[in-house]
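Subject: Structure handover

Hello,

Here is the structure we talked about. Please open it first, then read my notes below.

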Amino acid sequence: MQFYAERPIRRTAQLVSDLLALLLVILAVWLGTSVYDQVMKLRAPGDGLVDAGTGLRGTFDSAADSAGGIPLIGDGLAKALHGGSDVGTKLVDSGRWQIEAVENLAWWMAAIIIALPVLALVVTWLPLRWKFTRRASAAARLRALGDEGLDLLALRALATQPLRRLASDGKVATGWRERDRDIIEKLAGRELASHGLVS
């Protein structure tokens, strides 16, 4: 597989684009985890509600248990104090709901921050790199075939090179018909160059 061009300028451009893509992914992951950590700090009030509700419930339950032993009014007082315990349970539930909402928000924000740049690379950069790799690999395989491969590369150059470029070199048409090796190698070289390869 031909992942990079053989021509220095094009290879350098490819390396720079690959490094920029990698840096973009690293930056997106760093930013996503930073946002996740910052949003998770918003769960502190929920933790406070859970702690307060747990403490309140424990206090009312303990008081209700103690009041239950008082003659005549103990059962009624214990029942009233257990009502305060229900308020503690509601505080705990509210705190847990807030914690869950903050965790979901933090997760989704981090996922979106990471996914958008990665998706942009998958849609733009990756197809271009794959297209280059596929075409350059095929051209390199043809080059490795020797004269037969050069003939095919030259024919491809005749079919794909701009007409003004072909017209500027008057020897191309006659050289191709007469099987002039210099012309065939020149055309094959042009085709290889268009794929970032050297003859």
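Start with Arg143, which is partly exposed because its relative accessible area is 24%. By that scale, buried means under 20% relative accessible area, exposed means over 50%, and partly exposed lies in between (1.4 Å probe, protein chains only). The areas come from the Shrake-Rupley method with a 1.4 Å probe, and for residues only the protein chains shown count as cover.

Before the rest, two notes on the source. This is a predicted model, in which local features need pLDDT of at least 70 and side-chain atom pairs count only at pLDDT 80 or more, while totals for chains, interfaces and linings use all residues. Residues are numbered from 1 along each chain as its sequence is written, and side-chain values use heavy atoms, with hydrogens and water left out.

**Salt bridges**

Side chains of opposite charge can pair when their charged atoms come close. I count a salt bridge when a side-chain nitrogen of Lys or Arg is within 4 Å of a carboxyl oxygen of Asp or Glu. The whole structure has 7 salt bridges.

One of them joins Arg143 to Glu6, at 2.8 Å from N to O. Arg143 sits in helix H4 and Glu6 in the segment before H1, so this pair ties together parts 137 residues apart in sequence. Glu6 is partly exposed, with a relative accessible area of 23%.

Another pairs Arg43 with Glu103, at 2.9 Å from N to O. Arg43 is in the loop between H1 and helix H2 (44-67), and Glu103 is in helix H3 (residues 74-123), so parts that are 60 residues apart in sequence are tied together. Arg43 is partly exposed at 23% relative accessible area. Glu103 is partly exposed at 31%.

Arg181 forms a salt bridge with Asp147, and their closest N and O atoms are 3.5 Å apart. Arg181 belongs to helix H8 and Asp147 to helix H5, so the pair ties together parts 34 residues apart in sequence. Arg181 is partly exposed at 29% relative accessibility. Asp147 is partly exposed at 46%. Shared partners also matter for the count of networks: salt bridges join Arg43, Asp47 and Glu103 into one network.

**The chain as a whole**

The protein chain has 8 helices and 0 strands. Here helices (H or I, at least four residues) and strands (E, at least two) are DSSP runs, numbered from the N terminus.

How far does the C-alpha trace span along its principal axes? About 120 × 25 × 25 Å. The radius of gyration is 37 Å, where a compact globule of 199 residues would have one near 16 Å. That radius is taken over C-alpha atoms, and the globule rule is 2.2 Å times the number of residues to the power 0.38.

Buried residues make up 29% of the 199. The chain exposes about 12700 Å², and carbon and sulfur atoms supply 67% of that. Take contacts between residues at least 6 apart in sequence: 73% of them join residues at least 24 apart. Contact means heavy atoms within 4.5 Å.

**Helix H4**

H4 covers residues 125-144. Its 20 residues reach 28 Å from first C-alpha to last, close to the 28 Å expected at 1.5 Å a residue. The expected span is 1.5 Å times one less than the number of residues.

Which residues of H4 are buried? They are Arg129, Phe132, Thr133, Ala136, Ser137, Ala139 and Ala140. Their cover includes H1, helix H5 (147-160) and helix H8 (181-194). After H4 comes Gly146, with a positive phi near 90°.

**Two buried polar residues and a patch**Gln14 lies in helix H1. Gln14 is buried, at 8% relative accessibility. Leaving out residues up to four places away in sequence, Gln14 touches Phe3, Tyr4, Ala5, Arg129 and Phe132.

Arg190 lies in helix H8. Arg190 is buried, with a relative accessible area of 12%. With the same neighbours in sequence left out, Arg190 touches Gln161, Arg165, Leu166 and Asp169.

Val16, Leu19, Leu20, Leu22, Leu23 and Ile26 make a nonpolar surface patch of about 580 Å². Patches are made of residues with over 30% relative accessible area and no salt bridge; like charges are joined within 9 Å, and nonpolar side chains (Val, Leu, Ile, Met, Phe, Trp, Tyr) within 5 Å. Ile26 is in helix H1 (residues 8-40). Ile26 is partly exposed, at 47% relative accessibility.

Best wishes
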